Amino acid sequence: MSFLTRTEGAHAAAPGRRPAAGRLSVAAAVAFMTLAACYMLLPVYWLLVSATKSQSDLVSTPGLLPAEWHLGDNLTALFEQQDGVFGRWLLNSLLYAGVGAAIATLLAAAAGYALTKYTFTGREALFSVILGGVLVPATALALPLFLLFAEVDATNTFWSVFLPSIVSPFGVYLSRIFAAASVPDEVVEAARMDGAGELRIFCGIALRMMSPALVTVFLFQFVVIWNNFLLPLVMLQDDTLYPVTLGLFTWQSQTSRLPELQTLTIVGALVSVVPIVLTFLMLQRYWRAGLTAGAVKS
């Protein structure tokens, strides 16, 4: 009887211990995530606070503490500096990133679809080469690209930054996965039996099936192009062709001679984040669907 009593007591106590341990794990996970969020959001908070300060407040007040509100004046000065060159930089970045990411996504979708649905000699070898392109850092390609464009006298042009941006090996890799998961072979065969051509099948059927997942490719490429700094630095000398990243860098490099550019650089950095945030907010529901594409295969 004593053994049964101890056993029943142990079984009765065990459920009480497990929830306590579970609550401790949850609390530890929440604490860790809170610290991680604070670590990542602290620079954003500093940027928001600093963008509202005047030049004198920026250098005389603590960085994390707000001062007198000057955001409106700072924005006005930002878009009036050098005859409104910041607006031109912003437009350049939108063209490089928006149009470039759209074309890169279309090309990646076509390549990924072809690598999935067509069987040809050397298909896997070609895909391996594309995967190798994912592993090559962009810094290693900047100088070869500059030499290639210099051969055709195309440096310091819009195309010297735009054309390399429409190539996305990582996008091809993702598109192949998306095509395999989203476009059944039976649908393709049925369309062929109905007399549809390969281009019509791709544009009318495959692209529509892959479109939620391709938003992920577009967002990745958009952010990569928007944040691109080294390639424009190597290719461009005309400041009217600069993207935002390179333009703000040139202002920051002149702050020792023109201190007022420090405030404009900070405000410009804040404004440059807005298009990325808006793009993610507008496309987030498609982006979430794209991230899960191919995760479960029936």
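A disulfide is a pair of cysteine sulfur atoms within 2.5 Å. Go through this structure, which is a predicted model, with that rule in hand, and the count comes to zero disulfides. Two cysteines are still worth a look while you're here. Cysteine 38 is partly exposed, at a relative accessible area of 46%, and cysteine 203 is partly exposed too, with a value of 41%.

So much for sulfur; now for the charged side chains. The model holds five salt bridges, and we'll walk through some of them here.

Start at arginine 123. Its side chain meets that of glutamate 124 in a salt bridge, with 3.5 Å from N to O. What about their surroundings, buried or exposed? Arginine 123 has a relative accessible area of 19%, and because the cut-off for buried is under 20%, arginine 123 counts as buried. Glutamate 124, on the other hand, is partly exposed, at 42%.

Stay with glutamate 124 for a moment, since its side chain has another partner. Which arginine does glutamate 124 meet in a salt bridge at 2.9 Å? That would be arginine 176, with the distance again taken from N to O. Here the pair links distant parts of the chain: glutamate 124 sits in helix α5, which covers residues 123–135, while arginine 176 belongs to helix α8, running over residues 169–182. Along the chain, the two are 52 residues apart. Arginine 176 has a relative accessibility of 15%, so this residue counts as buried.

Put these pieces together and you get a network of salt bridges linking Arg123, Glu124 and Arg176. Glutamate 124 is the residue that takes part in both of the bridges described so far, one with arginine 123 and one with arginine 176.

Now move along to helix α9, made up of residues 185–193. Where in the chain do arginine 192 and glutamate 189 lie relative to each other? Both are in this helix, three residues apart, or about one turn of the helix. Their side chains meet in a salt bridge as well, at 3.0 Å from N to O. As for exposure, arginine 192 comes out as partly exposed, with 26% relative accessibility, and glutamate 189 is also partly exposed, with 40%.

Key:
Residues numbered from 1 in each chain as written. Predicted model: local features only at pLDDT ≥ 70, side-chain atom pairs only at ≥ 80, totals over all residues. Heavy atoms only, no water. Buried < 20%, exposed > 50% of the residue type's maximum accessible area, 1.4 Å probe, protein only. Salt bridge = Lys/Arg side-chain N within 4 Å of Asp/Glu carboxyl O. Helix = DSSP H or I, 4+ residues; strand = E, 2+ residues; numbered from the N terminus.
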